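I opened the file today to look up a few things about the fold and the charged side chains. My notes follow in the order I made them.

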Amino acid sequence: MSTSRRDATVDLIAIPRAVVSLAAEVVHSMERAMIGDHRIRTARGNAWEAICADRARARQRDEIRRLVAALATDDVTEAAAGRREPRASTTAS
């Protein structure tokens, strides 16, 4: 008789799962209605934004490297022309 009682218990986890699922569905529907389908953030959209940000950072790094190289070249050129002493190297030993 104890087996029939065990089978009759209510799964207490199922109720919160159903409530959370329903709430997520309502929020999703409201977002689509208020914002529109074309402006909803998706994993694909997030990935594209991350790619664009990575490319922008890479361009900035390249520009900084070019500027540093140009400054280093100017230092050597000016020192060779006798206009200025070359800067001390800041490499750690």
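Entry 1, fold. What pattern does the protein follow when read along the sequence? I read it as α-α-α. The model is a predicted one, which I keep in mind throughout. My tally of the secondary structure is three helices and zero strands.

Entry 2, exposure. I looked up how much of the protein is buried. Of its 93 residues, 3% count as buried. I noted an exposed area of about 8,800 Å² for the protein, with carbon and sulfur atoms supplying 60% of it.

Entry 3, helix 2. I checked the span of this helix, which covers residues 14-35 and has 22 residues. From the first C-alpha to the last I get 31 Å, close to the 32 Å expected at 1.5 Å a residue. I then looked just past its end, where Gly 36 takes a positive phi of about 105 degrees.

Entry 4, salt bridges. How many salt bridges does a search of the whole structure find? The search returns three. I took them one at a time.

Entry 5, Arg 41 and Glu 49. These two form a salt bridge, and their closest N and O atoms are 3.5 Å apart. That falls within the 4 Å cut-off for a salt bridge. I also looked up the accessibility of each partner. Arg 41 is exposed, at a relative accessible area of 56%, while Glu 49 is partly exposed at 44%.

Entry 6, Asp 54 and Arg 57. Their side chains meet in a salt bridge, with 2.2 Å from N to O. I asked why these two are placed to meet. Both sit in helix 3 (residues 43-80), and because they are three residues apart there, about one helical turn separates them. An α-helix has 3.6 residues a turn, so residues three or four places apart point the same way. For accessibility I have Asp 54 as partly exposed at 42%, and Arg 57 as partly exposed at 42%.

Entry 7, Asp 62 and Arg 65. Here too the side chains meet in a salt bridge, with an N to O distance of 3.6 Å. Arg 65 and Asp 62 are three residues apart in helix 3, so they are separated by about one helical turn. Is Arg 65 buried or exposed? I found 53% relative accessibility, so Arg 65 counts as exposed. Asp 62 has 36% and counts as partly exposed.

Entry 8, closing note. Side chains of opposite charge can pair when their charged atoms come close. I leave the list at the three salt bridges found by the search.

Definitions and conventions:
Residues are numbered from 1 along each chain as its sequence is written. This is a predicted model: local features need pLDDT of at least 70, side-chain atom pairs count only at pLDDT 80 or more; totals for chains, interfaces and linings use all residues. Side-chain values use heavy atoms; hydrogens and water are left out. Helices (H or I, at least four residues) and strands (E, at least two) are DSSP runs, numbered from the N terminus. The expected span of a helix is 1.5 Å times one less than its number of residues. Buried means under 20% relative accessible area, exposed over 50%, partly exposed in between (1.4 Å probe, protein chains only). Accessible areas come from the Shrake-Rupley method with a 1.4 Å probe; for residues, only the protein chains shown count as cover.
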